[in-house]
Amino acid sequence: MTSDNSHIPEHMRPENSFQAMIMALQNFWADYGCAILQPYDMEVGAGTFHPATIMRALGPNDWKAAYIQPSRRPSDGRYGENPNRLQHFYQFQVVLKPSPKDIQELYIKSLSVIGIDKANHDIRFVEDDWESPTLGAWGLGWEVWVDGMEVSQFTYFQQVGGYDCSPVTGELTYGVERLAMYVQGVDNVYDLNYNGRQDTDKISYGDVFHQAEQEHSRYNFEVADTDILMRHFEDAEKECQAIVEASAAKSPLGNDYKMALPAYEKCIKASHLFNMLDARGVISVTERQAYIGRVRALSKKCADLWMETPLGSLKKEAK
Amino acid sequence: MAELFIELFSEEIPSRMQNAAKADLSRLVSGFLKTAGLKFGAIEAYATPRRICLKIADVPTSTPDIKEQRKGPQVGAPEKAIEGFLRGAGVTLNECVEQEIKGKKFHVAIIEKVGQSTADIIAAAMPELIRKFPWPKSMRWGTGSLRWVRPLQSIICLLDGKIVPFEIENVPVGDSTQGHLFMNNDRFSVTDFADYKAKLLAANVVLDGAERAAMILAEAQEICAAKGLELIDDKSLIAETAGLVEWPVALLGEFEVEFLDVPERVIIETIKGHQKCFSVIDPKTGKLSHHFVAISNMIAGDGGKIITHGNEKVIRARLSDAKYFWETDKKIKLADRIEKLKNITFHAKLGSQFERVGAIKELAEMLSEFTKADVKKTKLAVELCKADLVTHMVGELPELQGYMGQQYALAEGIDAEVAEALAQHYAPQGPSDAVPTNLIALTVSLADKFNTLLGFWSIDEKPTGSKDPFALRRAALGIIRIVLERQIRLDIPQDLLPFFIDRLKVYFKDQGMRHDLIDAVFALEGQNDIVLVEKRVAALADFLKTDDGVNLLAGIKRANNILQAEDKKQPLEFDSIIDKQLLVLDAEKDLFSAIEKNVKIINEAVAKEDFAAAMSALAKLRAPIDTFFEDVKVNDDDADIRINRLKLLFIIRTATKTIADFSRIEG
């Protein structure tokens with residue numbers, strides 16, 4: 001059954017407003033007990049890159065979190081002209097570790113909260129295995145279809161950085177724009193009602209992002225300086241390696257913190273720079289594999305280091 | 001006798017894995033029952049997206065009691081021997097008796113085993129069976145170490161209606177399951193398979209995949225018929241969708257008529273590939289209708305309006321992409337795309353598709369002499385045959401390569417025969433795929449396939465064992481089929497010949513031909529022309545079906561054996577000139593006159609490739625040869641007579657060798 005939203009003002013209902021949909025998902029998962037995080041403050045290609053997913057999936061400790069993550073795919077930019085494709089979009093990400101037995105039911109309930117009621121829709125779990133060559137990670141799961149439309153990715157993490165994930169993290173990734181377009185009955189992403197208000201008070205998705213899509217598309221495809229990007233890539237790579245190396249020794253100040261998270265941030269940076277270079281079309285097919293291999297080598301080092309940190313290695317005592 | 005019923009209930013199992021899982025479950029369970037010495041009745045296995053299950057009828061509830069006597073060492077044998085025997089038999093000396101056998105006393109163990117309960121056997125075997133189940137891909141979940149295709153939620157294991165308990169991590173083993181995930185998700189208990197099937201049906205699950213497939217077809221046809229339309233009943237899509245739903249409901253949706261401007265296969269593939277929906281024909285025009293059938297997994301509260309609307313929305317978006325690709329691709333001519341093939345690597349060591357096209361063109365020009373295809377058109381077809389690889393459409397729907405080339409070619413007004421060749425030059429792709437009729441197409445197809453084979457041969461990437469990553473066997477089979485079905489006379493390059501001989505044997509075997517006949521033909525020198533090989537093999541096969549054939553084969557083999565034996569003693573070096581004066585007996589005179597008459601006919605017939613005529617001339621030698629071997633002793637004491645007789649046999653062997661090496665033929 002659809003949750004009864006009649007007590008909520010029209011403009012705050014998830015089926016009328018993009019932001020209300022995000023808030024409804026946050027509320028649902030907050031109610032379940034997840035830590036509601038904010039987006040990671042770096043450019044990433046997907047919510048999975050957030051350390052709250054990829055790092056927390058490693059190691060013995062339980063974890064529950066949900067967050068919205070702006071995701072950047074420079075090659076998907078279309079100068080604001082395509083109704084479905086964006087170089088910047090949102091993913092709503094939920095990670096539950098260990099994956100609970102009723103995770104599918106929870107997911108279905110969360111859909112009902114945003115206006116997709118299981119009695120009138122055709123919800124399907126269609127085979128789709130996930131693999132991230134840059135993160136050295138893979139999992140099995142499905143893409144979730146609602147009435148033939150792919151709206152989420154559902155993955156049981158099996159390995160990250162070459163390590164078996166145990167316990168296994170269940171990851172739910174909602175394509176928020178897709179879902180909102182469907183429940184709002186809109187064919188063009190820019191027509192989405194962002195704030196749920198009407199007439200002159202209405203703010204549309206286009207009002208918020210259309211100009212940004214145009215500007216970033218031009219920058220990504222035409223202007224971004226490839227020499228600088230390559231240099232930055234190499235710098236990020238060097239810096240990441242240096243952080244990992246420095247982590248081996250004790251600090252002159254007396255601490256011996258392993259710097260897995262700062263190292264990983266450089267790895268994320270390298271990954272985004274690679275995506276930018278790819279959008280500029282300066283990477284050939286063979287070079288592509290080499291770049292992916294370099295980023296994977298970094299993420300592997302970060303995973304190795306994370307496994308030496310308290311969160312990655314010590315099982316927290318039950319309180 | 002009891003019924004064994006097992007259900008393994010999980011989250012969604014990929015459609016493509018369900019049939020194999022059913023078969024594996026049957027094989028593994030019946031395997032451990034057999035190992036335990038149990039005989040049982042009929043096995044039925046079923047799968048839905050959320051479960052695999054198995055029912056075995058007439059399973060005994062225990063294995064039979066065993067009473068066995070085992071003879072041991074003689075009484076008084078060394079202690080070690082007796083100890084070893086007792087250990088092996090699992091008894092103590094007290095449990096043995098002494099028995100006299102042929103006057104000697106032996107220790108004989110009396111082994112008695114009480115039958116084991118089948119429930120215990122099952123309980124012991126199931127955990128291992130589940131842990132080692134051969135899923136193509138499996139995973140862990142939660143905190144466990146168990147692997148299954150997706151999380152395993154519960155297990156039913158009932159023998160004679162009673163739960164067979166066993167431990168497998170935290171998965172409950174009992175008598176309960178769940179119905180349809182969205183329509184009827186409560187847990188319920190069952191007593192046996194019949195009860196299970198009935199209760200599942202009440203809980204909106206059709207257990208049998210074949211029944212779901214039948215429902216899909218019937219419902220889809222019905223909703224089409226109601227609108228005067230006709231379903232394209234794509235068998236593989238029916239099978240796939242039957243594995244995606246537990247309760248199929250067909251819904252008819254539509255899209256804007258203007259999308260029908262896009263070539264038909266683009267629409268069909270878009271609707272099928274991305275959305276798993278069926279396309280529909282309008283019988284009035286015989287063309288695609290602007291309708292489609294979606295198979296949902298739900299009896300929706302609103303009769304499926306929202307679901308249909310959702311599917312329409314997605315299909316509309318997909319078709320607008322396709323239409324956009326079609327329109328924009330058409331703006332660039334195929335000829336202007338050729339440069340871009342430089343960016344498409346065919347193989348790291350073999351260069352780009354652009355370079356390949358150049359090489360194929362040379363080959364095609366050469367081959368057109370044999371295929372009688374128009375050279376100019378063939379060259380044009382080769383130039384354009386890979387150009388569609390760099391269109392948006394083929395980038396998006398790679399299975400449309402070739403077909404799109406044809407569509408774009410027609411759209412820009414290229415000769416229809418050349419356009420068709422662009423589509424057909426990949427054919428035949430498999431054993432059931434048709435061979436091109438268009439001469440240009442089959443010339444390009446041959447050139448393309450020869451180029452592939454020669455290329456991979458040059459870098460020593462030949463298929464080995466079950467590994468054939470570049471589908472070279474398929475390419476060779478394609479050439480064989482084109483050449484034979486269109487009777488194209490050409491010589492297979494020497495390097496490739498051994499590979500082709502192997503392929504040809506497989507092909508002939510599939511056609512029901514004898515492999516030894518193929519060996520017999522290839523034992524001759526210079527058999528590079530497959531059409532000729534087939535003619536020889538076919539004529540041989542026909543001949544060997546006759547009495548004359550069988551007897552003559554025996555005669556020729558005998559002649560051959562004698563020649564070989566003589567050759568071993570002392571290498572035979574002689575001409576084929578028979579000295580008539582030395583022909584003494586009637587039998588050898590008759591044979592000689594039969595040879596004189598028929599060998600010429602045989603040689604002429606072979607030169608004309610009329611192997612049937614050659615065979616019937618050969619058949620005339622049968623009777624004289626038979627009589628010759630009955631009446632004539634080849635090894636005459638007179639050396640000249642002996643040589644003369646050997647010459648007769650030699651001439652016969654030489655004559656038969658214009659057709660095949662009969663010594664390689666079995667029987």
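**Exercise 1. Which strand of chain A is joined to β6(A) by 9 bridges, and what else surrounds β6(A)?**

Solution. Keep in mind that this is a predicted model.

Step 1: Take the 9 bridges. They join β6(A) to strand β7 (residues 149-160) of chain A, and the two run antiparallel. To check the register, look at A:Val144, whose bridge partner in β7(A) is A:Ser152.

Step 2: Look at the turn. β6(A) and β7(A) form a hairpin with 2 residues between them, and A:Asp147 in that turn has a positive phi of about 50°.

Step 3: Turn to β5(A). Strand β5 (residues 130-132) of chain A is antiparallel to β6(A), with 3 bridges joining them; here A:Glu131 stands opposite A:Trp138. Their hairpin has 4 residues between the strands, and A:Gly136 takes a positive phi near 55°.

Step 4: Add β4(A). Strand β4 (residues 123-127) of chain A pairs with β6(A) over 5 bridges, again in the antiparallel sense. In this pairing A:Ile123 faces A:Val146 of β6(A).

Step 5: Check the burial. Of the 10 residues of β6(A) (residues 137-146), 9 are buried, so the strand is largely enclosed by the rest of the structure.

**Exercise 2. Find the edge strands in the open sheet of 4 strands in chain B.**

Solution.

Step 1: Write down the order, which is β12-β14-β15-β13 (chain B), with antiparallel pairing.

Step 2: Read off the ends. β12 (230-231) and β13 (249-254) of chain B stand at the edges; each has a single partner strand, so one side of each lacks a neighbour in the sheet.

Step 3: Inspect one edge. β12(B) is joined by 2 bridges to strand β14 (residues 278-282) of chain B, running antiparallel, and B:Glu230 has B:Ile281 as its bridge partner in β14(B).

**Exercise 3. Compare the settings of three salt bridges, taken from the 56 found over all chains.**

Solution.

Step 1: Start in chain A. The side chains of A:Arg124 and A:Asp122 meet at 2.7 Å, N to O. With buried meaning under 20% relative accessible area, A:Arg124 is buried at 8%, and A:Asp122 is buried at 4%.

Step 2: Move to chain B. B:Lys105 and B:Glu98 form a salt bridge whose closest N and O atoms are 4.0 Å apart. B:Lys105 is partly exposed at 45% relative accessibility, and B:Glu98 is partly exposed at 48%.

Step 3: Take the pair B:Glu383 and B:Lys361, with closest N and O atoms 2.8 Å apart. This pair links distant parts of the chain: B:Glu383 sits in helix α10 (residues 375-384) and B:Lys361 in helix α9 (residues 353-371) of chain B, 22 residues apart. B:Glu383 is partly exposed at 28%, as is B:Lys361 at 24%.

Step 4: For a network, go to B:Asp261, B:Lys323, B:Glu327 and B:Lys330, which are linked by salt bridges.

**Exercise 4. Is B:Asp637 buried or exposed, and which surface patch includes B:Asp637?**

Solution.

Step 1: Locate the residue. B:Asp637 lies in the loop between α22 (622-631) and α23 (639-656) of chain B.

Step 2: Read its accessibility. B:Asp637 has a relative accessible area of 74% and is exposed.

Step 3: Collect the patch. B:Asp637 joins B:Asp579, B:Asp638 and B:Asp640 in a negative surface patch.

Key:
Residues numbered from 1 in each chain as written. Chains lettered and ligands numbered in written order. Predicted model: local features only at pLDDT ≥ 70, side-chain atom pairs only at ≥ 80, totals over all residues. Heavy atoms only, no water. Patch = residues over 30% accessible without salt bridge, like charges linked within 9 Å, V, L, I, M, F, W, Y side chains within 5 Å. Areas by Shrake-Rupley, 256 points an atom, 1.4 Å probe, with all protein chains shown as cover. Lys, Arg positive; Asp, Glu negative; His and termini not counted. Charge placed at Lys NZ, Arg CZ, Asp CG, Glu CD. Buried < 20%, exposed > 50% of the residue type's maximum accessible area, 1.4 Å probe, protein only. Pairing = 2+ DSSP bridges.
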